[in-house]
2 protein chains.
Amino acid sequence: MNHIEAANYLKKVTRSINDFPKKGIIFRDLTTIFQDRKAMKLTLDLLSDCLMEKNEEVISYDKFAGIEARGFLLAGGLSGKMGGGIVMIRKPGKLPFKKKRIEYKLEYGEDALEVHEDAIKPGERIIVVDDLLATGGTAEAGCKLIEELGGVVIKVLFLVELPDLNGRKKLQKYDLESVISFKGG
Amino acid sequence: MNHIEAANYLKKVTRSINDFPKKGIIFRDLTTIFQDRKAMKLTLDLLSDCLMEKNEEVISYDKFAGIEARGFLLAGGLSGKMGGGIVMIRKPGKLPFKKKRIEYKLEYGEDALEVHEDAIKPGERIIVVDDLLATGGTAEAGCKLIEELGGVVIKVLFLVELPDLNGRKKLQKYDLESVISFKGG
C-alpha cells in the first residue's frame, strides 16, 4: 500500500459526525482509526515517515511532545515504533511538579496548557504530536511552552488537518506535516 | 540489562513527591520515566514481555484498552511496538459517539468512565493498560465496561503497582501484571 492508498484508507475509516458539537460542524472522530489494528499501523507508518530525511535516515530528535489527551496516544505510538522520550503537555492542574503555564485564546474564551519545568533540557530537539489541526491555537501554545523551556521544535505532526480553518498559518514558522486532510469542515 | 536491572532503573528514575496531593502520601510521578528515552524503552520492553507466552510466542490479542490519560500513552507505546488497535476508555463527556458508561466509587465520592459502544466487538481479546495500580477502582470499572461490550479482558497491565493499597485484590479475577512496585505508599 503506497502513501496515497494508506491515507485514503485512514480517511475512509474516520467517523464523521454531523452537527457535533454544534450545528454545521462535521466532527472527525478518530477513535475509529485508533481502534482498527490496520489503521493504527498505517497511522504510525505515515507519521514516522515524516521523520525521515531525504537520504532515508531518521532526523535527529530527542523527544516527542504529546498534547493531552489524544496526542499522548500518538506520541506513545511513535515512541514505541521509533524510540524517544515523551513530554506530556497537559491541561491545567494535572501535573504534580514545578510547571510552566501558557494561556491562549479559543474561538470563545480562553484555555491553558502546562508542562513540567524539567521536561525539556535547553537545546533538546522536540517533535510536537497531536491528533488534529483545526485553528492551531492549542498546538501554537504547546510549541511556545516548549520554546520557553529552551527546547527546539523541529517538527509539528498531526494525524488530521482541517485546512479550511487555517491552522497552518498560525504555525507557519514550524515544519508542519499532517497525514490526512478533510476539506470543507 | 536483565529484568531486575531494568525495573531498578525505572524505580530510580521515578520522581517521588512527598505529601502530594495531601500530607502523608508519596506521589509517584511517572513523567520522569516517560521523558527519558532509555526509561521509556525499558518500560515498553518490560510491558511487552508480559505479552509473551512461555514458548516465546506473543499471546493472541486484538486491542489495547488505555485508560485516560496516561494509559493512552502506554497503550500507544505498546501498539507502536507490538501492533494492535487502541480503545480509549475516557472520562465522562469526552467521546462524541454512542457510549456505554460506568459509575464507580472512589475513596471520597464517585467517578465515571465511558467507552464507545462500537469500540469492541463481542469476543475480542483486550489488554487493559494503565500507568499505576493504586486501589484498583478505576481499572476494575474499565474492565467491567469492556465486558459489558462483550470483550474478553485477557490481561491487565500496569507500569507501577502500589501493593499496600490492595488493588490486586479487587482485580483478582484478571491476569494482572505490573512492571515495578513501590511498597510503603
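1. What rotation, and how much shift along its axis, superposes chain B on chain A? In this predicted model, a rotation of 180° with 0.0 Å of shift along its axis brings chain B onto chain A, with an RMSD of 0.0 Å. The two copies are therefore related as by a two-fold rotation axis. Both copies use the same surface for the contact, since 100% of the contact residues of chain B recur in chain A.

2. On the extent of the interface, chain B contributes 39 residues to the contact and chain A contributes 39 residues, and between them the two chains bury about 3000 Å², of which 59% lies on carbon and sulfur atoms. Within chain B, the residues that lose the most area to chain A are Gln35(B), Arg37(B) and Pro96(B), which together account for 21% of what that side buries.

3. Turning to polar interactions, the count of salt bridges between chain B and chain A is two. In a salt bridge between Asp118(A) and Arg15(B), the side chains meet at 2.5 Å, N to O. Across the same interface, 16 residue pairs are found in polar contact, with both residues at pLDDT 80 or more.

4. As for which elements of chain B touch chain A, those giving two or more residues are the strands β1 (15-18), β2 (26-29) and β4 (85-89), together with the helices α2 (31-34), α3 (37-49) and α4 (70-82). The largest share of this side, eight residues, comes from α4(B). By residue class, the side of chain B that touches chain A divides into 16 nonpolar, ten polar and 13 charged residues.

Note on methods. Residues numbered from 1 in each chain as written. Chains lettered and ligands numbered in written order. Predicted model: local features only at pLDDT ≥ 70, side-chain atom pairs only at ≥ 80, totals over all residues. Heavy atoms only, no water. Least-squares fit on C-alpha atoms with pLDDT ≥ 70 in both. Contact = heavy atoms within 4.5 Å. Buried area = accessible area lost by both parts, 1.4 Å probe. Salt bridge = Lys/Arg side-chain N within 4 Å of Asp/Glu carboxyl O. Polar contact = N/O pair within 3.5 Å; in protein donor to acceptor, adjacent residues only side chain to side chain. Helix = DSSP H or I, 4+ residues; strand = E, 2+ residues; numbered from the N terminus. Nonpolar A, V, L, I, M, F, W, Y, C, P; charged D, E, K, R; others polar.
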